[in-house]
Amino acid sequence: MQKKISNAPFTGTPEQEAKLKEIIEAHKDDPGAVMPVLQQAQEVYGYLPKEVQAMIAEGLNVPMEEVFGVSTFYSQFSLTPKGKYTISVCLGTACYVKGSGDIFDKLSEKLGIGSDECTADGKFSLTACRCIGACGLAPVLTINEEVYGRLTVDDVDDILAKYAD
């Protein structure tokens, strides 16, 4: 599965950039530094936009292709920003056969975003996952740490309304 790359404008702060430079400096002479630097950069920024990847490539003196290759290969890395509320819909077998695909589609339609995207206001991001281990509550979705189970498409509006702050 190919990762989506964010089209959102990069909005890093000077403080984040200073922290990234510290991280790079601490690892610049370490062989295999790309992976730990990407991990720490994602902690700083929440995701790995191309601007951050370029700073890492330049700072570690490695090709941009290497940094991009690592960041797209490993599932732990995200190339898109996360919203204040991260909605994850389980599309595992138990959930899917009970309608989670329709719930995902309804959320996508209501929010105006697709999988691994974030709303323009930064409020919601939407992802699909394979199983969260709550098959008895199928179909299930989570919003941050909150679990919602035994859902129907009709529940989507009420759930989203809880987060209308």
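Both Y85 and F124 are buried, and in this predicted model the two residues form a tilted aromatic pair, with 5.7 Å from centre to centre and 40° between the planes. The protein chain that holds them has seven helices and five strands, and 41% of its 165 residues count as buried. The points below take up the aromatic residues, the overall architecture, the helix packing, and two individual residues, I87 and K123.

**Aromatic residues**

- The structure holds four aromatic pairs, and one of these, Y85 with F124, links distant parts of the chain, since Y85 belongs to strand 1 (residues 85-90) and F124 to strand 3 (residues 124-129), 39 residues apart.
- Y163 joins Y85 and F124 in one aromatic cluster.

**Overall architecture**

- Read from the N terminus, the order of elements in the protein chain is α-α-α-α-β-α-α-β-β-β-β-α.
- Taken along the principal axes, the box filled by the C-alpha atoms of the protein chain is roughly 55 × 30 × 20 Å.
- The accessible surface of the protein chain is about 9,400 Å², and carbon and sulfur atoms contribute 51% of that area.
- Among the contacts in the protein chain with a separation of 6 or more, 63% are between residues 24 or more positions apart.

**Packing of helix 3 against helices 1 and 2**

- Helix 1 (residues 14-27) and helix 3 (residues 50-60) have axes that come within 10 Å and cross at roughly 35°, and this crossing is right-handed.
- On the helix 1 side the contact involves E17, L20, I24 and H27, which meet V52, M55, I56, G59 and L60 in helix 3; by class, this contact of helix 1 with helix 3 comprises six nonpolar, two polar and one charged residues.
- Helix 2 (residues 34-45) packs with helix 3 at an angle of about 140°, the axes being 11 Å apart, and the crossing of helix 2 and helix 3 is likewise right-handed.
- Helix 2 contributes V34, V37, L38, A41 and Y45 to this contact, while helix 3 contributes V52, M55, I56 and L60; by class, the contact of helix 2 with helix 3 has nine nonpolar residues, no polar ones and no charged ones.
- V52, M55, I56 and L60 of helix 3 therefore appear in the contact with helix 1 and also in the contact with helix 2, where contact means heavy atoms within 4.5 Å.

**I87 in strand 1**

- I87 lies in strand 1 and is classed as buried because its relative accessible area is 0%, where the cut-off for buried is under 20%.
- The residues that I87 touches, leaving aside those up to four places away in sequence, are L107, L111, F124, S125, L126, T127, L141, T142, I143 and L160.
- For one of these partners, S125, the C-alpha atom is separated from that of I87 by 6.0 Å, although the two residues are 38 residues apart along the chain.

**K123 in a loop**

- K123 lies in the loop between strand 2 (117-118) and strand 3, and with 17% relative accessibility K123 counts as buried, because the class takes in values under 20%.
- Leaving aside residues up to four places away in sequence, K123 touches G83, K84, Y85, Y163, A164 and D165.
- Two of the residues touched by K123, namely Y85 and Y163, are also members of the aromatic cluster with F124.

Technical notes
Residues numbered from 1 in each chain as written. Predicted model: local features only at pLDDT ≥ 70, side-chain atom pairs only at ≥ 80, totals over all residues. Heavy atoms only, no water. Axes fitted to C-alpha atoms, helices over the stretch in contact; angles between N-to-C directions. Helix = DSSP H or I, 4+ residues; strand = E, 2+ residues; numbered from the N terminus. Left-handed = near helix turned anticlockwise from the far one by under 90°. Nonpolar A, V, L, I, M, F, W, Y, C, P; charged D, E, K, R; others polar. Phe/Tyr/Trp six-rings, centres within 6.5 Å; stacked < 30°, edge-to-face > 60°. Buried < 20%, exposed > 50% of the residue type's maximum accessible area, 1.4 Å probe, protein only. Areas by Shrake-Rupley, 256 points an atom, 1.4 Å probe, with all protein chains shown as cover.
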